[in-house]
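Welcome! Here are some exercises to work through with the structure on your screen. Try each task yourself before you read its solution.

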Amino acid sequence: MTIKMNVCMAGAALMLCVVASGCANNRELIAKTSLATRKDVFAEVASSDVQAGKSIIDFTFSVKSNSYRFAETYGKHSDPPYRVHLNIDGQTAVLEAEPVLEDKSPIDPNVPDSGTGWKYTFNKRFALTPGKHELTIALPIDDVIVEREIELRAGVNAVTVTPVYSKRMLRPYKGQNFTGGVKTVEVQVN
């Protein structure tokens, strides 16, 4: 089991990030995170909606993955599908995306998403009150869960999530590559 705790200063806000990955108990944490305990925290809104006095989150996450590769056939995750589970202060949302087959050749050990695989892009907009919130992001396929306290200002806030892939030691990958699966995610709030 890997647990990392990072404390960082961003402006005047102290943020604590707890990352758990590669642990069989994550399935229980992910299932618990997927259960809603509240329904009054946020509302999903259209991309053009901006409400006065509210914080708007533009959530973005792109990840590349394969279910399998057999004779130049690349299987995508379909049972279960690749999903992102969000939990903000107890209210949940499950994001789905239709994957696109992407080929970034040749394989470059310095480019983690080089190679052929399915690219999933998740985008969603939420409206909620300004202030501090507990954000939990879970990727059930990769058995990854990340918890983070975020502070939102009134207006539009961008929450960008970036995958950190596991390392592959075999050539031609020789470093981080999507074929190793997602090890954790990094969350940035602007």
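Two terms come up at once: a residue is buried when its relative accessible area is under 20%, exposed when it is over 50%, and partly exposed in between (1.4 Å probe, protein chains only). Helices (H or I, at least four residues) and strands (E, at least two) are DSSP runs, numbered from the N terminus.

A word on the model: it is predicted, so local features need pLDDT of at least 70 and side-chain atom pairs count only at pLDDT 80 or more, while totals for chains, interfaces and linings use all residues. Residues are numbered from 1 along each chain as its sequence is written, and side-chain values use heavy atoms, with hydrogens and water left out.

**Exercise 1. The helix**

Find which residues of helix H1 are buried, and say how they are arranged around the axis.

Solution.
- Step 1: Go to residues 26–33, which form H1; Asn 26, Ile 30 and Thr 33 are buried there.
- Step 2: Look down the axis of H1. The buried residues fall within an arc of 65 degrees, so they line one face of the helix. The arc is taken from the directions that run from the helix axis to the C-beta atoms.
- Step 3: Turn to the other side of H1, where Arg 27, Glu 28 and Lys 32 are exposed.

**Exercise 2. The chain as a whole**

Describe the chain's elements, its burial and the confidence of the prediction.

Solution.
- Step 1: Count the elements: the chain has 1 helix and 16 strands.
- Step 2: Check burial. Of the 190 residues in the chain, 43% are buried.
- Step 3: Check pLDDT, the predictor's confidence in each residue, from 0 to 100. The chain has a mean pLDDT of 84, with 86% of its residues at 70 or more. Residues 1–24 have a pLDDT below 50, and this stretch has 51 contacts in the model beyond near neighbours in sequence.
- Step 4: Look at contacts (heavy atoms within 4.5 Å). Among the contacts in the chain with a separation of 6 or more, 67% join residues 24 or more positions apart.

**Exercise 3. Two residues in strands**

Is Val 84 buried, partly exposed or exposed? And where does Thr 162 stand on that scale?

Solution.
- Step 1: Val 84 sits in strand S7. Its relative accessible area is 0%, so Val 84 is buried.
- Step 2: List the contacts of Val 84, leaving aside neighbours within four places in sequence: among them are Phe 59, Phe 61, Phe 122 and Leu 139. Leu 139 is 55 residues away from Val 84 in sequence, but their C-alpha atoms are 5.3 Å apart.
- Step 3: Move to Thr 162, in strand S13 (residues 155–165). With a relative accessible area of 38%, Thr 162 is partly exposed.
- Step 4: Again leaving aside neighbours within four places in sequence, Thr 162 is in contact with Phe 61, Thr 184, Val 185 and Glu 186. Thr 162 and Val 185 are 23 residues apart along the chain, and 5.5 Å separates their C-alpha atoms.

**Exercise 4. The largest cavity**

Work out which residues line the largest cavity and to which class they belong.

Solution.
- Step 1: Learn the term. On a 1 Å grid over the protein atoms alone, a cavity is a set of points where a 1.4 Å probe fits but cannot get out; lining residues have an atom within 4 Å of a point. Grid points are joined across faces, edges and corners, and a volume is the space filled by probe spheres set on the points.
- Step 2: Count. The structure holds 1 cavity of 30 Å³ or more, and the volume of the largest cavity is about 40 Å³.
- Step 3: Name the lining: Ile 57, Phe 59, Leu 86, Ile 88, Phe 126, Leu 135, Ile 150 and Val 159. Strands S4 (55–65) and S7 (83–88) each supply at least two of the lining residues.
- Step 4: Sort by class. Ala, Val, Leu, Ile, Met, Phe, Trp, Tyr, Cys and Pro count as nonpolar, Asp, Glu, Lys and Arg as charged, and the others, Gly among them, as polar. The lining of the largest cavity has 8 nonpolar, no polar and no charged residues.

**Exercise 5. Backbone details**

Find where the cis peptide bond from Asp 79 to Pro 80 lies, and then examine Asp 89.

Solution.
- Step 1: The bond from Asp 79 to Pro 80 is cis, with omega near 5 degrees. Pro 80 belongs to the loop between strand S6 (73–75) and S7.
- Step 2: Asp 89 is not a glycine, yet its phi is positive, about 50 degrees. Asp 89 lies in the loop between S7 and strand S8 (91–96), and at 23% relative accessibility it counts as partly exposed.

Conventions. 1 Å grid on protein atoms, 1.4 Å probe; cavity = no way out; pocket = protein on both sides within 12 Å on 5 of 7 lines; lining within 4 Å.
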